[in-house]
Every structure is written in structure tokens, then in C-alpha cells.
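Here are my notes on this one, written as I went through it. Keep the viewer open and click along.

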2 protein chains.
Amino acid sequence: VDTWKVYVDVLKELGKLNSAIALLSWDEETHMPKKGLTLRAETIGKLSRTAFELSISDELGRCIEELEKRDDLSEDKAASVRIVGKRYRRNKAVPPDLFEEFTIAQSKSQAAWGEAREASDFALFCPHLEKMVDYTRQFAELYGYQESPYDALLERYESGMTSARLHAIIEPLRERLVPFLDRLLIDGTPPDTSALDGRFPVDAQRALARTILERIGYDFDAGALDDTLHPFTSQIAPGDVRVTNRYLETNPLSGLFGALHEGGHALYDQGMGDDLYDLQLTDGASYGFHESQSRLVENQIGRSEPFWTFFRPVFIEAYPALSNLSAEALYRAANHVSRSPIRVEADEVTYNLHIMLRFELETKLLDGSIQVANLPTLWNDAMDRYVGLTPTSDAAGVLQDVHWSHGLIGYFPSYMLGNLYAAQISRTLREDIPALDEQIARGDFAPLLDWLRDKIHRFGGIYEPGELIVRVTGQELSPEPFLAYIFDKYSKIYGL
Amino acid sequence: VDTWKVYVDVLKELGKLNSAIALLSWDEETHMPKKGLTLRAETIGKLSRTAFELSISDELGRCIEELEKRDDLSEDKAASVRIVGKRYRRNKAVPPDLFEEFTIAQSKSQAAWGEAREASDFALFCPHLEKMVDYTRQFAELYGYQESPYDALLERYESGMTSARLHAIIEPLRERLVPFLDRLLIDGTPPDTSALDGRFPVDAQRALARTILERIGYDFDAGALDDTLHPFTSQIAPGDVRVTNRYLETNPLSGLFGALHEGGHALYDQGMGDDLYDLQLTDGASYGFHESQSRLVENQIGRSEPFWTFFRPVFIEAYPALSNLSAEALYRAANHVSRSPIRVEADEVTYNLHIMLRFELETKLLDGSIQVANLPTLWNDAMDRYVGLTPTSDAAGVLQDVHWSHGLIGYFPSYMLGNLYAAQISRTLREDIPALDEQIARGDFAPLLDWLRDKIHRFGGIYEPGELIVRVTGQELSPEPFLAYIFDKYSKIYGL
């Protein structure tokens, strides 16, 4: 038998199942009427179970074992075997009964989190989170690790990353960011955002989101833009990568940067070679790397001055009431910094502080040095130390994010890594394309996209994130480019 | 073992697979970007194959055999076993190799039809249609029948119907319709439709379609309205029945009646008991019965004078340029009769003639009394005899419909049966609710919907169509109520 063919046939079956699941999930968040939910949940559950069973099938296991011994596989094929093999062992490591027990507890935990957040009462969620932490600890033991159980969880999102390395990255980042934030807000002159107060019709915002997505090179023949409550990008198939977005009538920037953020994710997905889908290599290099592509487009490009030079006329045409605003005024307004209790509303300067706080708490939860019951107090303390404010409620504090209720521990660092990768990649990008600012200022995004495709997108998941960042930038991941970017940009904007 | 439980568990699995397939298909016609097609076709193919295998599984077969022996099953359970058993035997009857051969030929046939229609050249399609007819003949033999092979095909769409009964219905229908059409168009005074010439923004048409769907009782919490090329209604789940529609900028009635037609289908689906889905009883009593619900809402209601009394102000508000038109003028314009070569553009008077022609040709194709190669000539001859005109091209003649290219023979009569059922049901409806016209005239559709739910919708597929029409109207299906309806209505409109 041709082992490679058997292997790829299993992956192709998986690819079709995943495509159906992706569509069912996308639809659930975009078009599905509310009365369709009951069967939808069961349908996704059924197909997910089928896909899971396929991912741990003995047939696949035999293929992986045999293919891992071969040294004649091309780079992409070898990467496929590495990634699929890793997932196979991970999925195999958890006994089916334990996993089923977990999914039932998980769904109760999610519901309890929703109620607790609604009531702003952590006590309602506490026993469920205790269970989630307990399951996560068990999973970490089953997955295995070298130094810390947290590493076993991190591995799923950022292969090769460890909590020790994260600590080493976070330490200098925090030590320099926190005082900079204080200086900025105490000594600096904040941009004037009052001109953006008003009402901005959602139809106009949606049309603008479409315009900017087309402009940055998002291919609508291989995608779609739909409304949702919590924006996300979904890879439904090669040739079908959909962006969802949300618009606030009182804030014309929220939906715009949402579109740029999701657009960045979507460009990554659309730029991966079609042949990578059947190899299960279209998740990107890591969660952090995927986030870097969204952050780069949203922040390094969308929140830059040349972007607003280009975009001002388009923006003003959509909102004539803003026509007295210069490109510089818009650029400044788009870069207002504040101490917000809410992660998803955080600006570039404070965003990583929200992540550090979560990383600190979840590593300690996992090693048992803090207790779930004490989280609200610990959260508020850390918030004060990092961001410099105390949340006024559990809902605006420890209950704000859904992740932990799903048992997703080890996920949050991806957001921070995305910011750091983005700044480091952006530095190389600007060295490679000295004319980038002029290109962006005239709305020419093609050289940017070509560069990203050539250096990053086309490889999909072929390289480990640690390898890819060195290939792209010549250096290992470091917080330094991010800090330099932030200090330089915001010192100017705030007149320090 | 509890056979009933095993049986229902299989049906529940089928229900989930069918729900996923329905969503993938709906999305393909509404939101999917064109580059997503390749994997989509494979994904639908894979899930359809899984569902098909489940529908002929030995486990299901054993359950059916055992349950068919039981006489203690409730009415709905017994109906489920009858319908699922019938489908099981039908699907089992065709050897898998033959079926696979057919699906490959089918997909070539569809492509060839598209090209032939584009080029308006029947010769390009002829060899493929010959194959489709040949497969259909083989299937009919494998399914089995009493009198005519055509009956074996009809059974799938209209259980209990035979070609002999269809002939008996068609004969008097044609003999009275054809001369009536001549009288109408020669002696009558046609309604003036010139006021409807103009441009009607698609956005306004879409909003109007939404308004009228809400008004007739379509539940948007269990549905959605989306654009497509060829309107259809999709039952994605209990609680998720979606309408799709199309709008022509130059014709404000096309999209309106499209919405009412699909709305009629959707009300049927939304009105079936939720517990019927797991029993596979939510396809309705038959294709003809499903069509009766769309036709009743579209024609007996939407093309009635009281409807336009109610709807005129809404219509005029959307299209102020038409404000000089009275309700009566709109009613008359909505009921213009003409000799059109195209079935889907046909009015109430001529529609059934298009079906008779197809029935005559497809029964003769099947029994070998005519040859595929002669179809264009035979089509044009029959068109002249029935509708009184000769198509000017194959595209506007024998190539206009997609059905035969799929091997769908025996399907067309459902459209005619829908018209006849609708008229017969409508007669009883008006006897049961004498105030119906006044209710419609003030936009109160609730009594109508309550009646349809009580008499028809809630039963889903529990009754055979022949049984249901007697339960609802006290009589077997007859062309007489339809003829009386047409003669009365159009004699008045055309001043005969």
C-alpha cells in the first residue's frame, strides 16, 4: 500500500468535515435564526465527533508512525506529518471518558459564566472555573511537558513556546511599559477625539469596511463580509475565507479597525497555497503568528499616519460631518491611549498589560499557588499594578473574557505574541520596502501584501513559529522592536 | 433491544446530516464565494454519501422490517416507518455501481445542458439526455410498478399517483383550458400593465418582500430571507426554514410573487410539528402538496382583489410613482395572461399547459414511443397545440428547464398538481371562513394561516396526498375547482 496516499485520503476526509463544521459555525454567528440553535448544536457536535474520531483513528496512527521514519519527504509533507502527528498524540492522550466528562462540564461552565457575567457575580462561576482548572491540570499531565505543566497547554497555541520564555519576554516588557504609560498619561497631551462623537450610520460603516478590505487586497471572490456580534474570520475552504464584523453607531473607528484586524487574518488564510489545505497546514504557523498578521494590518498599517493620508478622503466622503478633520487629526484620534478595564477595548500601549495579568494569574492557578476563589481580588490587584486602575465590577474585571469558561488556559499569550511578532516583522518590512509609507499614503497596498505573502502567508503551517520569525526577521522573538515602536510613536503623538 | 429507539437514533443521525447538507447547499446558492465551489461540491458529496449509506444500512433495514409488523404504533410513528421503509427499499433497489455510474453521467449531463442552453443548440445535449432517459428507465424497472414504468418515477414525488390518473385529470383540463385561453386572448380585454413599466430599486423590493413575509405569518426567528438566482425554500432544521428570492429591477411583481410563493412553502415547513423532524416526516405530504401551499399563497391569495385592497398602500409607499394606480388596477395588472414560451414566466391560465406538454413528452420518452433526437420538433409542435405559440429557439423551448438534465423524470406533474390542489383547498377554505376576503382586505392573515396549519401543515408527511386532500376537502383531487376558479376569475378580468 501507498502509505502517503492512505494518509492524505484521511486528511482529505478531515478537510471536508472541517469545512462543513466551519460553515455551520460561521452561519450560527451570522445568519442562523435563533430557533435553529438546538439542532445546530447537535449537528456541529455530531460532525465534530466524527472528525475527532478520524483524527485518532488507528489507520491514521499507523500512517503517521510509518511516515515519521521516512527522510525522503518534501518539506511540506514532513511538516504535515509533524503537525498531524502531534495532534494525533495529543488527542489520543486524553481517555474518551474523561474528554466527554470535560465537554459536559465545559458546556455547563460556559452557561454559568454567561449568567455570572450578566449578574456580575463571580461566585456563580467560581465552582465551574475550579473544575475547568482541574481538568486543564489533568490534561497537561496527560499531554506531558518538560518543565512546567503550563508548557503542555501553550504548545497547542504556540508550538515551542514555554512559560519560562514568556516570563523572560514579559519581564522587560512590563518594566518598561508601565512607567511609559504613566508618563504618557501624566505628562503627555492626549489627542482630541471629541470630533468623532456623533452618529455614524451602520450602512455607511459596512460599505467602508468593504472598501478597505478590497483595497488591502482581500479577495471577495474567495470570501464574504457579514455582520456578527463578536468578529472573527473563518476559513471555510481554500477559496472561501470569510470575514465577520461589528459596527457601533456611535464609533466610526471600531468597525473600521475590526475590519482591518479580521482582514489581516483573512489575507493570511487567503495567501496560503491551495495545496496546503489537504495537508492540514492552513492554520498558520501558530495562533500568535496568525494574530501578528491581524495586528500588523490593524495597527502597524491602519493606525499609521500614511494610512490616514490615504484614507482621509474616503472616510470624509462617508461621513461629511467630519470634513474639518485633517489626516493628522484622524491619525491622532485613532491612537488615543487610556486606562480601560476591558481587554478588547484596549489600545496598543495597554493591550499587552491585559495579557500579562492573565498570564500571571493562569500560570499560578495551574501550579496551585493561588485559588480560584481569590481571583476577583487578585485580578483587581494586578489590574492596578499593570494598567493602573481598579475595575468597578466582576463583569468589567475577572468575568470579562469567555476563554477560561471553555477551559482555554494558555491561549491568552497568543494575543501578546501577535503584537510582538507584528512589530518585529514590521521593522524588517520597512527595511525591505523603504518606500512603504509613500505607497500606503497613496493607497497602494500591493507591495505590502506581496511581501507578506512571499515571507509568511504562502508557507501556512510549514514552519514552526520560532523558525519562521528567524527566517523573516533574522532574529528570535524579542520585545524590543515592539517597545521601540510604541515609544517612538506615542512619544510623538503625546508630545513627550 | 428497543427497536423503536434504535430506529429513531438512526433517523436522528440522518436528520443532522441532512441539516448540514441543507445548509451547505443553501449557502452555495446564497453566500458562498465562487472560489469555494470545488471543496463545497466534494463536501456535499461526502455528507450525501454518508447519509445515503445510513439510509440503506442493515441496521435500519432490520428495524423497518420489525416495526412494519407492529400494529400498536401511533399514527405518526407508523407513517414514519411507511415513508422511511419506502425510501429504504427504493435506495436499496439500485446497485451502488449503477448509481455511481449514473451520478457521474448526471453531472456531465448537467454541464452539457448548461452549454447547450447557452448555445441554444439541442444537439449538444441530446446524447446526454438519451443516457438520462436510459438510466431512468432502468431505475423504474428496479423500483418496480404495477401498470407503467412512469408510475415508479412518479411515486417519489406524489405517492399513490399514476400516469393513468394523470391522463384522466389532464384530458378534461386541456380540453377546457385551451379554448378558454383562445377566447380570453381573442375576445377579452387585457389588463393594462403599462403603468408597471419602469425601474424599481432592488432594495425597496427586498424590503417589501420582508414586509409581506412578516405579514402572512412567516416567522423570522425561525427563518431568513436571502438573495439568490433561482428562488427556493430550504428546511435547514426545525426552527430554521429559509426563503431565498430574486428581484428584477424592471418588474416590481416578479420578486413580490416570488416571495409569496416561497413564503407559502415556508409556512408549510414552519407549521409542521417539531417532533416530526426526527421521524423524517417534514417533507410534507408530497411535492404536489408542497407546491399547493406555495401556489395558494401566491395565486389564490396574492393575486386576489382583496389582497390588493390591503396591499396597495404598502406598495404605493414603496413606489410613489405608482400612486395613481387603484387597487383594482393593480389587481388586474397582476393577472395579465399571455402566451409565453417559458414555463417559469407563465400565468395561472397557461401554467398547467406547460406541464401537460412535458408530461406527454416524458411519458413517451420513457415508453420509447418517441426519440430524444426528435424532441425539439415534438416540443415545438406540442407548444403550438397547447399554448398556441412556437418557440423561436431551443433555449426558449426544449432546453429551458434543468430537470431532465438531472434525470428528473416524473417531477413536472407536481407543479400542475400543486395548482389543482391549491384551487380545491381554496374552495373549502372559503366555505370554512366566509369572512376570508374581508380579513385579507384588511391585511389580517392569521385566520388563513390558522386554518392551513390546522388542516394541513401540522400533519407534515403523516398522510398520503390522496388521503390528505380528502380529509381537507371531502373529495378526491379533481380539476374542476381549478377550472371553475380560472373561468370565473379571468372571465371577469377580461370582460368576457
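What follows is a set of numbered points on a predicted model, going from a helix pair to single residues.

1. Start with α10 and α11 in chain A. Helix α10 covers residues 254-271 and helix α11 covers residues 287-301, and their axes come within 7 Å, crossing at roughly 135°. An angle over 145 would have counted as roughly antiparallel, so this pair goes down as oblique. The crossing of α10(A) past α11(A) is right-handed.

2. Who touches whom there? On the α10(A) side you'll find Phe257(A), Leu260(A), His261(A), Gly264(A), His265(A), Leu267(A), Tyr268(A) and Asp269(A). They meet a set of α11(A) residues that includes Phe289(A), His290(A), Gln293(A), Arg295(A) and Val297(A). By type, the residues of this contact split into six nonpolar, six polar and four charged.

3. Now flip to chain B for its α10 (residues 254-271) and α11 (residues 287-301). These helices pack at an angle of about 135°, and the axes are 7 Å apart. The two are therefore oblique to each other, and α10(B) passes α11(B) in a right-handed crossing. Among the α10(B) residues in the contact are Phe257(B), Leu260(B) and Tyr268(B), while the α11(B) side includes Phe289(B), Ser294(B) and Glu298(B). The contact residues here divide into six nonpolar, six polar and four charged.

4. Back in chain A, have a look at the loop between α10 and α11, which is where Gln280(A) sits. Its phi is near 60°, a positive value in a residue other than glycine. Is Gln280(A) buried or exposed? With a relative accessible area of 11%, Gln280(A) is buried, since the cut-off is under 20%.

5. Chain B has a positive phi worth a click too: Ser120(B), a residue other than glycine, has phi near 50°. You'll find Ser120(B) in the loop between α5 (96-119) and α6 of chain B. Ser120(B) is partly exposed, at 25% relative accessible area.

6. Helix α7 of chain B (residues 149-157) has plenty tucked away: Tyr150(B), Asp151(B), Ala152(B), Leu153(B), Leu154(B) and Tyr157(B) are buried. What do they pack against? The partners are α4 (75-93), α6 (122-143), α8 (163-187), α11, α14 (348-367) and α16 (413-432) of chain B. At the start of α7(B), look for Ser148(B), where a side-chain oxygen reaches to within 3.1 Å of the backbone nitrogen of Tyr150(B).

7. Arg242(A) is a charged residue to check by eye. It is in strand β3 (residues 240-245) of chain A, and at 0% relative accessibility Arg242(A) counts as buried. Its side chain has a partner: a polar contact of 2.7 Å joins Arg242(A) to the side chain of Asp240(A). For a sense of scale, the C-alpha atoms of Arg242(A) and Glu141(A) are separated by 37 Å, with their positions 101 residues apart along the chain.

8. Last one: Ser478(A), in the loop between α19 (465-473) and α20 (480-493) of chain A. The side chain of Ser478(A) reaches the backbone nitrogen of Glu480(A) at 2.9 Å. Ser478(A) is partly exposed, with 22% relative accessible area. From Val1(A), Ser478(A) is 477 residues away in sequence and 47 Å away in space, C-alpha to C-alpha.

How values were computed. Residues are numbered from 1 along each chain as its sequence is written. Chains are lettered from A and ligands numbered from 1 in the order in which they are written. This is a predicted model: local features need pLDDT of at least 70, side-chain atom pairs count only at pLDDT 80 or more; totals for chains, interfaces and linings use all residues. Side-chain values use heavy atoms; hydrogens and water are left out. Axes are lines fitted to C-alpha atoms, for helices over the stretch in contact, and angles run from 0 to 180 degrees between N-to-C directions. Helices (H or I, at least four residues) and strands (E, at least two) are DSSP runs, numbered from the N terminus. Angles under 35 degrees count as roughly parallel, over 145 as roughly antiparallel, 65 to 115 as roughly perpendicular and the rest as oblique. A crossing is left-handed if the near helix is turned anticlockwise from the far one by less than a right angle, and right-handed if clockwise. Contact means heavy atoms within 4.5 Å. Buried means under 20% relative accessible area, exposed over 50%, partly exposed in between (1.4 Å probe, protein chains only). A polar contact is a pair of N or O atoms within 3.5 Å; within protein, one must be able to donate a hydrogen and the other to accept it, and residues adjacent in sequence count only if both atoms are side-chain atoms.
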